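The following exercises are to be worked with the sequence and the coordinates at hand. Each task is followed by a solution in steps.

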Amino acid sequence: MNCGVVVFPGSNCDHDCFHILKHVFKLHTEWIWHKGDMDLSRFDLVVLPGGYSYGDYLRPGAIAQFSTVMKEVVRFAESGGRVLGICNGFQVLVEAKLLPGALIQNNTQKFICKTVPVRVENTSTSFTGECADESVLNIPIAHHQGSYFIDPDGLSQLEENRQVLFRYCGPAGEVTDEFNPNGSVGNIAGIINKGGNVMGLMPHPERCADPAWSNLDGQLIFKSIINSLQSGVSA
Amino acid sequence: MIIRPEMLAKIHITFKNGVLDPQGKAVHHALKDLGYNEVSEIQMGKYLEVRLEGVSRQEAEPRVKEMCEKLFANTVIESYRFTLDSVE
Amino acid sequence: MKSSTSTDITPDMVRQHGMTLEEFRRIQDLLGRVPNVTELGIFSVMWSEHCSYKSSRYYLKKLPTEGPRVLQGPGENAGVVDIGDGMAVVFKIESHNHPSFIEPRQGAATGVGGILRDIFTMGARPIALMNSLRFGAPDHPRTRFLVNGVVDGISNYGNCTGVPTVGGEIYFDPCYNGNILVNVFCLGLVPSDKIFLGNASGVGNPVIYFGSKTGRDGIHGASMASSEFDESSEEKRPTVQVGDPFAEKLLIEACLELMNEDWVVGIQDMGAAGLTCSTFEMAGRGGTGIDLELSKVPMREEGMTPYDILLSESQERMLVVVHKGMEEEALTLFHKWDLDAAIVGEVTDKPVVRIFENGNPVVNLPVELVVDGALDLKRPTKKPGYLKNVDHVNLKLVSDLALGGETLKKLLATPNIANKHWVYEQYDHMVRLNTLGLPGSDAAVLRVKGTKKALALSVDCNSRYCYLDPFHGAQIAVAECVRNITCSGGEPIGLTNCLNFGNPEKPEIMWQFEQAVSGMGAACKFFDIPVVSGNVSLYNETTGEAIYPTPTVAVVGLLEDRSYHTTQWFKEDGDCIGLIGDTMEELGGSEYLSVLCERVEGKPPHLDLPLARSVNELCLGLIKDGLIASAHDCSEGGLGVALAESCMSHPQAPRGAVMDVESTIRNDACLFGESQSRILVSFSAENRMAVEEKAKALGAPFEVIGKVGGDSLVVNVNGEEFINEEVSHLKKLWMGALESYVR
C-alpha cells in the first residue's frame, strides 16, 4: 500500500503524518511536493496534513486550493482514491469543495490545543471500520479556525447521508453545547464525502498513534483505512 | 504615447447573515461595556484594494467578480461587494 | 573616508544615537577620522548595551562555560551540548522585553522568531519552545491587555512555525507594571558533526542575503533595548517590527535543506541591528572582511538610504556565505521555497567591512573596532539601601494559622500558583510528536526520536528572592531548575540564562547584577553545569522604577532512558507519600507572606547546596530503580501547594490524600513556607522498605508523611486537623483562577 503526504509551504504536521504511516504502520510513504507535474495514481492514500499552508493568509486553505497538487488531488479523489485531510488538510478540502461546508474561527476566538473526546457517528465507512459503534475516542485538537459551519439544508443532507463521522462530546459520549470546544454546527468534528473516499477532520489522529504514548485512539482511524484498502473493499 | 487605463477595485468581504462572527460579537460586547448601547449590530470583515492595469470598467467588472468568487471570499460563509474607480 | 551623506555630526546627533560624547571621541581617535552618519549609526547599534554587553561582559566571565559535553559555548548564535548517539542539542534563551511592552503581540511574536533563527542558523531543527513571562499586578490597568497580547503573539508565531511550546512560567508582580519581561527559550536537535557557525571565511566566497525583503521596520531596536522607558515610549510603536511566521517557516525548511548540502561556509540570522550586525560579526569570527553592495539587497520600500538598509530590523532575514561556485544552486533552493535571495557581497582578506551603494563607497570600517571596540565598563557597584529595610521579617507581627484550608485555597487561586492551562492550551504543545506529558509539570519532557533518550527542560526564577538577596536568589533559581529536571527523571547537562535587570548606570543595580551572576556562577560550578549561551537585558526601568532583579535560568536535562520520565501526580490509592528534604521555619520571600500577608521581606529560604545534591541523588536513584510513582518539587506555596498539586493534576483521575505531619515549627511555615531542596514523592506500600533503605544509604533526609486515597486532601499537624478540603473543589479553584484575572 502506497501513501503520499502532501507538503504545502507552511504545512507543519507533514513530518508527523509521515512518521506515523512510515515508522508506526511501516507503510511505503512518500512526500508529495505542492508544485510541479505529478501523477498521484500510484498512491492508495493521500494525506493532506495540518499546519498553516500559505500562512493561513486570506483564509485557511484558500490559497492552497489553487496549488498544482490540488488539481491532481481532485482528479485522484474523483477516481475513487482515498484522501484524508487533517486540520489544515480538512480546511483545504472544504475550500477545494471536495467536502461541503466551511471552517471558521473558533467561537472562543483563541487557538485551542488539547485532547478532547469525540464520538464516532458512523462505523460503516472505510475511515472508521475499526471503531466500535458510538465509541468515544480521545484525540487532540490544535486549531484556531476549526468551527465547522454548514447551512441548515446542507446539514440535513449530511445527516441524511450519514456523512458526519465524528462529533465533539463529553467523556461518556454526551453531544451537548458544554462539550463543543469551538462552536461547530452540530458539534461536527469530521465528515466524509458522499462517495465515501474523502474524509476531513479537525482532530489530529496522528498525535495519538505512536506507542510512545498511552493514548493510541488515533490508530483506529489509520487501521480502518489500512484494513479497508488491504481487504480490497472499495470505498 | 499609449494611455493605460487603470482601475481601482475596493472590495469588502463580510460574513453572510446566519454565520456566527465571533470577532464581531466580541467587539459588539466591548462597545456595550463602553456604554455605546445604540449599537445594534457589527459586521467585521476584510477590505482589499486591487489595482488593475490596462482594462476598462466594463472589462474589470466581471474579472473582479470572478476573483471574489474564486479566491477572496468563500461564498459558503462570506458575501462580497465592490466598487470600481478609475485612477489617474 | 568621504561620505555620501556629508552631514556634519553634532553632539545632539551623538546623543540621539544613545552614545556618550566620550564614546564618540573614542571612535574618532581609533578610526583616525570623523565617521559619517551611516557609520555613526553602525557604531551606535554595535556598541549598544544590547549588542556589545559592555556593562555585563566583565561579570559574565564568572560563569563556568566548559564541560565534557560542550561543543559550543557562549559567543555564537546559541550553545551546543552533546547528548550522545551522534546528536547534540542547541539552545538559548533571549529577551524581547522592551518591544513586547510597546506592542505585546508583535513584540512577543518577533521574540519567538528571533530565538528560532538563532537555533536553526546553527543547523539544528527547532523542536521545542518555552517562555518565561512576567507581568505587572493582575489588577494593573495594562496587565490584561499585555497578557492577552503576549500570549496571542507567541501562540500565533510558534504555532504557525510548527515548533511546539512545551512549557514555561508566568509571574505577576507590581514590580513589572512598567516593564514586562518576555524571555523566550528554544531548543533544537542537530547531528553533532553538522553544526554551522556564523563566520565568513574563504576570500572570494559569495555572501548571500535571503528571506524577507528589507523595509524600514524597527530601525534602532537595539538602542531602544539599551535605554530606560519614559512617558514617550508608548509613542515608539513605529519602530516595532512585524513578524511573518509563514516566512519563518519557509526559512526553517530552506535552511535545513541548504545545510544538507556541503555548500555553506557560515551563516547568521539578522536580528538586532540587522544586516550590520550579521555582516560585522561574521567577518569578525572569520578574521576576514566583507564587501557589500546595498543596491542588491531585496527591498520592500523605495528610497531607502544606506542608513535605513543597514539598520533595519525587518524580520525573517538571513545572511549566508557559501563556497564559491555554489551560489546558483543555493539561489535555486531559496527560490524553491519562495524566498527572496540575492548575492550581496563577497568575503575579502583585509579585516575591513566596505559597503557600497551602486559602487559608491558609503562605509569603510575595521571589523575589530566595530565588533570589539566598545569599552568594557566596570561600572561602580553599591549595596542598595532598601535591603536594610527588608532583610528581616518580624514573625511576631504575623499570627500563625490554626486552620490552613482557607489559606491553601487563596494560594491556589493566586495568579502565580494557579494552573496555567488558559495559556498553554493556546500554544500547540504537541506538534512534532515528541512531547511526553502536558505543560505545567515540573519540567517539559521530550523524547528524542530514534533513540531511547529524552530531554527535560525547565525555566525558572523567583525574582522576589532575588530582590531580597540576589546572590542566593540566583543560586535558588539554578537549584530549582535542577530539581525540576530531577523530578522528571533527568540529569542536567547545560544551562542558558537571561539576565533581566534595571539601569546599569545605577551602582545599586550593578550590585544586584554582580551578586546574581556570582551566585549563579557558584551554583553552576557546584552542580557542574556549563552555561553555554545567554542574553542580558538591562534598562528594565520606567521613570526610575526598576524591576526586581530577574536572572532567569533554563536548564536542559537528559534522560538516558525515556522510561525514567516521572510525573508529579499521585497514581494509586494506598500509595505512600514521602518527603525528601528538611522543612524549616522559613517564611521570608514566600508567596504566602508576600501575597497573602503583603509583606515582601525577610531572607529567602536557605539553600544548602550539598543537601540539594543529596536530595536530587536520592530522587533520581529512586526513579531509576523504578521505586517511585510520582515526584514533585516543593516551590512557591510550599508543601501545602505541592501536595494539592500532586492530588489535583492527574489529567483524568484526581486523587485525595491523608497526611500526618509531625512539626516543631509554626503551622504556616510547615505547610506554606518555601524551604528549599524538598521533593514530594509517592510509592507503593510494598516499595516502602526499599525506598527507606535507599534514603538511609544516601544520607538524605526522608520521611513518610501520608497516604494517597479518598476524595479530599486532609492534613493533620501533630494530630490536629489543619486542612480538610475536597480535591475536586480545590481543582476547580486552581484551574479557573488565572482566566478570571486575565480574560
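The model is predicted.

**Exercise 1. The contact of chain B with chain A**

Task: Determine how many residue pairs are in polar contact between chain B and chain A, and describe the side of chain B that touches chain A.

Solution.
Step 1. Between chain B and chain A, 5 residue pairs are in polar contact, counting pairs in which both residues have pLDDT 80 or more.
Step 2. On the side of chain B that touches chain A, the elements giving two or more residues are α1 (22–33) and α2 (57–72) of chain B.
Step 3. By residue class, this side of chain B divides into 10 nonpolar, 3 polar and 3 charged residues.
Step 4. The contact brings together 16 residues of chain B and 16 residues of chain A.
Step 5. About 1,300 Å² is buried between chain B and chain A, and carbon and sulfur atoms give 67% of that area.
Step 6. The count of salt bridges between chain B and chain A is 1. Arg59(A) and Glu78(B) meet through their side chains in a salt bridge, at 3.5 Å from N to O. This distance satisfies the rule, because a salt bridge requires the nitrogen to lie within 4 Å of the carboxyl oxygen.

**Exercise 2. The contact of chain A with chain C**

Task: Establish which chains have the most contacts between them, and characterise that interface.

Solution.
Step 1. Among the 2 pairs of chains that touch, chains A and C have the most contacts. Chain B and chain C do not touch, and their nearest C-alpha atoms are 12 Å apart.
Step 2. Chain A contributes 28 residues to its contact with chain C, and chain C contributes 33 residues.
Step 3. The two chains, A and C, bury about 2,500 Å² between them, with 59% of it on carbon and sulfur atoms.
Step 4. The rule finds 3 salt bridges across the interface of chain A and chain C. One salt bridge joins the side chains of Asp210(A) and Arg447(C), with 2.9 Å from N to O.
Step 5. Polar contacts between chain A and chain C number 12 residue pairs, both residues being at pLDDT 80 or more.
Step 6. The elements of chain A that give two or more residues to the side touching chain C are α1 (14–24), β6 (112–120) and β7. The residues of that side of chain A divide into 14 nonpolar, 7 polar and 7 charged.

**Exercise 3. The sheet of chain A**

Task: State the order in which the 9 strands of the open sheet of chain A are arranged, and locate the edge strands.

Solution.
Step 1. The order is β2-β1-β3-β4-β11-β10-β9-β6-β7, and the pairing is mixed.
Step 2. At the edges are β2 (28–33) and β7 (136–143) of chain A, each of which pairs on one side only.
Step 3. From one strand to the next, the twist averages 25°.
Step 4. Strands β9 (residues 164–168) and β10 (residues 188–192) of chain A run antiparallel and are joined by 3 bridges. Opposite Phe166(A) stands Gly190(A) in β10(A).
Step 5. Helix α2 (residues 68–78) of chain A lies across β1 (2–7), β2, β3 (45–48), β4 (82–86) and β11 (198–201), and runs at about 135° to β3(A).

**Exercise 4. A sheet of chain C**

Task: Explain why β14 and β17 of chain C each have one side without a neighbour in the sheet.

Solution.
Step 1. The open sheet has 5 strands in the order β14-β15-β20-β16-β17 (chain C), with mixed pairing.
Step 2. β14 (444–447) and β17 (531–537) of chain C stand at the edges with a single partner strand each, so one side of each has no neighbour in the sheet. The twist of this sheet averages 20° from one strand to the next.
Step 3. β16 (residues 491–500) and β17 of chain C pair in the parallel sense over 6 bridges. Asn500(C) has Ser537(C), in β17(C), as its bridge partner.
Step 4. Helix α19 (residues 470–487) of chain C packs on the sheet and touches β15 (454–460), β16 and β20 (550–559); its direction makes about 25° with that of β20(C).

How values were computed:
Residues numbered from 1 in each chain as written. Chains lettered and ligands numbered in written order. Predicted model: local features only at pLDDT ≥ 70, side-chain atom pairs only at ≥ 80, totals over all residues. Heavy atoms only, no water. Pairing = 2+ DSSP bridges. Helix = DSSP H or I, 4+ residues; strand = E, 2+ residues; numbered from the N terminus. Axes fitted to C-alpha atoms, helices over the stretch in contact; angles between N-to-C directions. Contact = heavy atoms within 4.5 Å. Buried area = accessible area lost by both parts, 1.4 Å probe. Polar contact = N/O pair within 3.5 Å; in protein donor to acceptor, adjacent residues only side chain to side chain. Nonpolar A, V, L, I, M, F, W, Y, C, P; charged D, E, K, R; others polar.
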